[in-house]
Amino acid sequence: MEIQLWRKRLAPYELAVNEIVTKFNHLIYERHLEGKYSPMQRVEGRVKSISSIIEKMQMKNVNINDLETEILDLAGVRIICQFEEDIFRVKNAIGKRTDMKVIKEKDYVNIMKNSGYRSFHLIVEYEVNTVDGPKKLPVEIQIRTLAMDFWATVEHSLNYKYRGHIPEFVQDKLINASNAIIVLDREMAAVRDEILDAQNYNIVKENLVSDILINLQNLYKVASRREVLRIQSEFYQVFEENDIEKLAHFARQLDKIAEGHGAQSLS
């Protein structure tokens with residue numbers, strides 16, 4: 001197949017990946033706006049390279065005409081979570097969505113592959129609107145923890161180097177590392193509340209500081225320079241104390257000052 005025909009055939013998959021990644025990233029953004037924890041920490045996507053597709057077709061003895069029905073991971077989305085339990089929260093949430101339909105799933109978290117690979121895989125059916133009209137496509141969604149993703153990235157690089165035939169002594173090391181990651185994820189789960197408290201503190205602090213800086217910027221346009229510099233100096237002092245309650249109180253007081261100057265409506 002000519003390169004231009006390959007690109008045309010894969011273009012709808014690029015669209016599907018871009019749309020799904022954007023939607024999931026917006027969910028993360030909304031959770032952070034509300035000061036809530038997001039079980040999804042990072043989302044990324046890709047369409048298989050042409051060379052990877054050809055290799056897989058040869059390995060599975062797939063005819064070019066059967067490409068889209070036999071190879072279901074042409075489009076891939078990866079969701080990274082902090083905790084193992086988040087994997088299943090995300091999986092359940094995807095299952096309830098109305099813009100995609102789960103058609104297949106594989107649990108490599110509880111039943112890891114012999115290689116030591118762990119992740120949860122979903123194949124979803126997703127519809128895109130192309131120049132030729134609507135088209136339903138399979139998209140693979142992988143859900144894993146940060147630690148699982150690190151392991152999978154290393155294994156992928158080794159598989160690429162050894163073309164799927166990793167030396168036994170290296171494979172043994174990978175399995176040992178995978179077992180260590182199981183322990184690591186469980187240890188992180190044991191201190192989950194403490195980790196989330198710390199992260200929530202940082203999210204709230206960042207939102208407060210953002211609001212304060214917007215108000216200060218707007219006040220520069222309508223209030224006296226001396227007043228704004230005084231407020232700014234007070235902000236730096238409160239910020240230095242690293243007390244979230246004092247910072248929140250300062251933000252509320254600044255809101256009133258900005259409202260009095262009509263500065264809150266300024267862009």
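The following questions and answers walk through a predicted model, beginning with its sheet and ending with its helices.

Visitor: In what order do the strands of the open sheet lie?
Guide: The sheet is an open one with mixed pairing, and it is built from 5 strands. Its edge strands, each of which pairs on one side only, are strand 1 and strand 3, the latter covering residues 100-107. Neighbouring strands are turned by 25° against each other on average, direction ignored. Read across the sheet, the order is 1-2-5-4-3.

Visitor: Which residue of strand 2 stands opposite Arg42?
Guide: Strand 1, made of residues 42-47, pairs with strand 2 in the antiparallel sense, and 6 bridges hold this pairing. Within strand 2, the residue that stands opposite Arg42 is Ile80.

Visitor: Is strand 2 mostly covered or mostly open, and how many of its residues are buried?
Guide: Strand 2 runs through residues 75-81 and is mostly covered. A residue is called buried when its relative accessible area is under 20%, and in strand 2 the number of residues that are buried is 6 of 7.

Visitor: Which residue of strand 5 is the bridge partner of Cys81?
Guide: Strand 2 and strand 5, the latter spanning residues 133-145, run parallel and are joined by 6 bridges. Among the bridge partners, Ile79 is matched with Ile143 of strand 5. For Cys81, the partner in strand 5 is Thr145.

Visitor: Which residue of strand 5 is the bridge partner of His121?
Guide: Strand 3 and strand 4 run antiparallel with 7 bridges between them, and here Lys106 has His121 of strand 4 as its bridge partner. Strand 4 also pairs with strand 5 in the antiparallel sense, over 11 bridges, and a hairpin of 2 residues joins these two strands. In strand 5, the partner of His121 is Gln142.

Visitor: What angle does the direction of helix 4 make with that of strand 5?
Guide: Helix 4, formed by residues 84-95, packs on the sheet and touches strand 2, strand 3, strand 4 and strand 5. Its direction and that of strand 5 make an angle of about 165°.

Visitor: Why are helix 5 and helix 6 described as roughly parallel or roughly antiparallel, and which is it?
Guide: Helix 5 (residues 146-162) and helix 6 (residues 168-190) pack with their axes 9 Å apart, at an angle of about 170°. The contact involves, among others, Trp151 and Leu158 of helix 5 and Leu174 and Ile181 of helix 6, and its residues divide into 10 nonpolar, 1 polar and 2 charged. Because angles over 145 degrees count as roughly antiparallel, the two helices are roughly antiparallel.

Visitor: How many nonpolar residues does the contact of helix 6 with helix 7 have?
Guide: The axes of helix 6 and helix 7 (residues 192-222) come within 4 Å and cross at roughly 65°, which means that helix 6 is roughly perpendicular to helix 7. The contact is made by Met188, Ala189 and Ala190 of helix 6 together with Arg192, Glu194 and Ile195 of helix 7. By class, this contact has 2 charged residues, no polar ones, and a nonpolar count of 4.

Visitor: Which residue has a side chain joined to that of Ser51 by a polar contact?
Guide: Ser51 has its place in helix 2, which covers residues 50-60. With a relative accessible area of 46%, Ser51 is partly exposed. At 3.3 Å, the polar contact joins the side chain of Ser51 to that of Ser49.

Notes
Residues are numbered from 1 along each chain as its sequence is written. This is a predicted model: local features need pLDDT of at least 70, side-chain atom pairs count only at pLDDT 80 or more; totals for chains, interfaces and linings use all residues. Side-chain values use heavy atoms; hydrogens and water are left out. Axes are lines fitted to C-alpha atoms, for helices over the stretch in contact, and angles run from 0 to 180 degrees between N-to-C directions. Angles under 35 degrees count as roughly parallel, over 145 as roughly antiparallel, 65 to 115 as roughly perpendicular and the rest as oblique. Contact means heavy atoms within 4.5 Å. Ala, Val, Leu, Ile, Met, Phe, Trp, Tyr, Cys and Pro count as nonpolar, Asp, Glu, Lys and Arg as charged, and the others, Gly among them, as polar. Buried means under 20% relative accessible area, exposed over 50%, partly exposed in between (1.4 Å probe, protein chains only). Two strands pair if DSSP finds at least two bridges between them. A polar contact is a pair of N or O atoms within 3.5 Å; within protein, one must be able to donate a hydrogen and the other to accept it, and residues adjacent in sequence count only if both atoms are side-chain atoms.
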